[in-house]
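Trainee: I am new to this structure. Please take me through its aromatic rings closely, and then show me what lies around them.

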Amino acid sequence: MTFQEYFPVWDKLNPNQQQRLLGSLITRRVKKGDVIHNGSMHCTGLLLVQSGQLRAYILSDEGREITIYRLFDRDMCLFSASCIMRSIQFDITIAAEKDTALWVIPAEVYQGIMEESAPVANYTNELMASRFSDVMWLIEQVMWKSLDKRVASFLLDEAAIEGTDALKITHETIANHLGTHREVVTRMLRYFQNEGMVKLSRGMVAILDADRLDALQKEKA
């Protein structure tokens, strides 16, 4: 698959704009665990995922992480080009959750085309709104949902992403996604195990009763 097939508004660009994009593209392949962008780096550019999986998260002063959103095939990341979005006042780290192939669009090239092209500007605004919606959803989860519901929801989401109920994931990783401590997640998973909803083993969480987890995450406080 080519960049032209992945970029949603490619057909709305004029030939000059298309050539500028293609001429500036950087193709990258990153390994699982590699950090592609963090708040202390220079403006990395916009990231368009060809294949693989990325995670965008923020880091507290105490070193705790919390996932804001994840990026899959065809997803675009704008926050890695924060230099063209001056209103963003928080630092975001982007790391590979799986081996990933992606394109990097230099920020200055994209900004120039965005200033010329209404379709690109509209697409960018829609993408920005979608990402801020992800952030607002996260805030709502942290503020109003108890941790048992958040862990249940995370496990079900992870099973849907991976296509299996046998999740190769550590308690530390779950804690990092949810912005809490590993010990707290371990206690919650042990409770789920005692209730027959999951089975725990080293580096593995197997979902035994997805229906009960789903009912739990939907319970009203």
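Mentor: Start with the term. Rings of Phe, Tyr and Trp (its six-membered ring) pair if their centres lie within 6.5 Å; planes under 30 degrees apart count as stacked, over 60 as edge-to-face and the rest as tilted. A pair of aromatic rings is described by the distance of the centres and the angle of the planes. A search of the whole structure gives nine aromatic pairs.

Take Phe3 and Trp103. Their ring centres are 5.6 Å apart and their planes stand at 85 degrees, so this pair is edge-to-face. It joins distant parts of the chain: Phe3 sits in helix H1 (residues 3-6) and Trp103 in strand E8, 100 residues apart. Helices (H or I, at least four residues) and strands (E, at least two) are DSSP runs, numbered from the N terminus. Both Phe3 and Trp103 are buried. Buried means under 20% relative accessible area, exposed over 50%, partly exposed in between (1.4 Å probe, protein chains only).

Next come Phe7 and Tyr110. They too form an edge-to-face pair, 6.5 Å centre to centre with 90 degrees between the planes. Again distant parts of the chain are linked: Phe7 lies in the loop between H1 and helix H2 (15-24), Tyr110 in helix H3 (residues 107-116), 103 residues apart. Phe7 has 3% relative accessibility, so it counts as buried. Tyr110 is buried as well, with a relative accessible area of 2%.

Now put the rings together. Ring pairs link Phe3, Tyr6, Phe7, Trp10, Trp103, Tyr110 and Tyr123 into a cluster. Tyr6 has a charged visitor: Arg74 lies over its face, 4.3 Å from the ring centre. Elsewhere, Arg55 lies over the face of Tyr57, at 4.1 Å from the ring centre. The rule for both: a charge sits over a ring if NZ of Lys or CZ of Arg is within 6 Å of the ring centre and within 35 degrees of the ring normal.

How far can you trust this? This is a predicted model, where local features need pLDDT of at least 70, side-chain atom pairs count only at pLDDT 80 or more, and totals for chains, interfaces and linings use all residues. Residues are numbered from 1 along each chain as its sequence is written, and side-chain values use heavy atoms, with hydrogens and water left out. pLDDT is the predictor's confidence in each residue, from 0 to 100. The chain averages 91, and 95% of the residues score at least 70. Among the elements, strand E8 (residues 100-105), home of Trp103, has the highest mean pLDDT at 97. Helix H4 (residues 118-144) has the lowest, at 90.

Follow E8 into its sheet. Four strands form an open, antiparallel sheet in the order E1-E8-E3-E6. Strand E1 (26-30) and strand E6 (76-77) are at the edges with a single partner strand each, so one side of each has no neighbour in the sheet. Two strands pair if DSSP finds at least two bridges between them. E1 and E8 are antiparallel partners over five bridges. One bridge sets Val30 against Thr100 in E8.

Last, the cysteines. A disulfide is a pair of cysteine sulfur atoms within 2.5 Å, and the structure holds zero disulfides. The sulfur of Cys77 is 11 Å from the closest cysteine sulfur, in Cys43, which is too far for a bond. Cys77 is buried, with a relative accessible area of 0%.
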